[in-house]
Amino acid sequence: MKRMKHVVLCLVIAIIVALLPVLGCGAAAPFSMQAIPEHMEAIAGQRCVFLVVVADEGQGNEEGKGVSISATTPGAAVIVNPQAITPGQVAEVTVIPDEASAGSTLTVTVDGERDGLKQTEAVTLVVKEELPGPGPAIYAARFRDRFIPWLAANHPQLGITSETEWTGTIVRPFSFEVTFYLFFSEDWEMGVTWHVTTPEADWTRIYLRHRTTEVHPSYAFEISHWSDEQEEPHAIEPPESVWR
């Protein structure tokens, strides 16, 4: 009798083990990962922000759970924030090339890991030698500040006020007729652009992307003539992608 019970117990255990893959128990859930964009041009000292998203590709114990994100590259400082994301969240990989990397192409390796399963993406950063002057940063802050009081009054749900702190960086540094700049607060990425050639087209525009939940901008606004100090912003269609 004892031998029979032992045989039955072994058969039950074998059946359970055989069914685990079917039931999705005890197996790590596969996932995919994407880094955006795949290629960027920059200058030394620029904050180059790549966006990383993940998606579940099957069933398993870890489906919907966090994926750890890390990144490395020679010749640059790398900051990953946040360091773990779930599907629907966005991580930022900020690469700041040093002066010694000017004139070279950096390969940034982005790794995602969850319960022993790993994904790797490689993006490239071409670091040019030319250095712009301080002008873009000064103008970008002025144009940003033209929008902020209006945003605080007309879109208070965004939480952007005159007290909001921003970190800025040039982007697309080799665009001359139209200048691009990025600002980052705790919650928002703000892209600021302006036209610098003719008085008739002296517009400035911004977009807003929520940093941890959005890959694409969700708001955009324009001042059609920034030389007119009385002109207020108005909403426009957001660009299809972020500026990089």
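Which residue in S8 does Ile69 stand opposite? Ile69 stands opposite Gly112, and the first view below starts from that pair. This is a predicted model, where local features need pLDDT of at least 70, side-chain atom pairs count only at pLDDT 80 or more, and totals for chains, interfaces and linings use all residues. Residues are numbered from 1 along each chain as its sequence is written, and side-chain values use heavy atoms, with hydrogens and water left out.

**View 1. Strand S8 sits between S4 and S9.** In the open sheet, 5 strands run in the order S2-S9-S8-S4-S6, with mixed pairing. Strands here are DSSP runs of E, at least two residues, and helices are runs of H or I, at least four residues, numbered from the N terminus; two strands pair if DSSP finds at least two bridges between them. S2 (39-43) and S6 (84-85) are the edge strands, each with a single partner strand, so one side of each has no neighbour in the sheet. S4 (residues 67-72) and S8 (residues 104-114) run antiparallel, joined by 5 bridges. Besides the Ile69 pair, Thr72 has Thr109 as its bridge partner in S8.

**View 2. The S8-S9 hairpin.** S8 also runs antiparallel to S9 (residues 117-128), and here 11 bridges do the joining. Look for Thr105 opposite Val126 in S9. The hairpin has 2 residues between the strands, and Asp115 takes a positive phi near 50 degrees.

**View 3. The largest nonpolar core.** A nonpolar core is a set of buried Ala, Val, Leu, Ile, Met, Phe, Trp, Tyr and Cys residues joined through side-chain atoms within 4.5 Å; buried means under 20% relative accessible area, exposed over 50%, and partly exposed in between (1.4 Å probe, protein chains only). This core has 24 residues, and Val52, Ile69, Val93, Val95 and Leu125 touch the most other members. Several strands supply at least two residues each, including S1 (31-36), S5 (76-81) and S7 (91-97). S3 gives the most, with 4 residues. Zoom in on Val95: leaving aside neighbours within four places in sequence, its contacts (heavy atoms within 4.5 Å) include Cys48, Phe50, Val78, Val108 and Leu125. There's also a second, separate core of 21 residues, with Ile170, Trp188, Met190 and Ile206 among them.

**View 4. Helix H2 and the strands it packs on.** H2 (residues 135-154) has 20 residues and reaches 30 Å from first C-alpha to last, close to the expected 28 Å (1.5 Å times one less than its number of residues). Its buried residues include Phe143, Phe147, Trp150 and Leu151. They pack against S10 (167-171), S11 (178-184), S12 (188-195), S13 (204-210) and S14 (219-223).

**View 5. Salt bridges, buried and otherwise.** The whole structure holds 9 salt bridges, each a side-chain nitrogen of Lys or Arg within 4 Å of a carboxyl oxygen of Asp or Glu. Glu92 and Arg211 meet in one (2.5 Å, N to O). Glu92 is in S7 and Arg211 is in the loop between S13 and S14, so the pair ties together parts 119 residues apart in sequence. Glu92 is buried at 3% relative accessible area, and Arg211 is buried at 16%. Both belong to a network of salt bridges with Glu189, Arg209 and Arg244. Elsewhere, Arg205 bridges to Glu222, with the closest N and O atoms 2.6 Å apart. That pair links S13 to S14, 17 residues apart. Arg205 is partly exposed at 29% relative accessibility, whereas Glu222 is buried at 11%.
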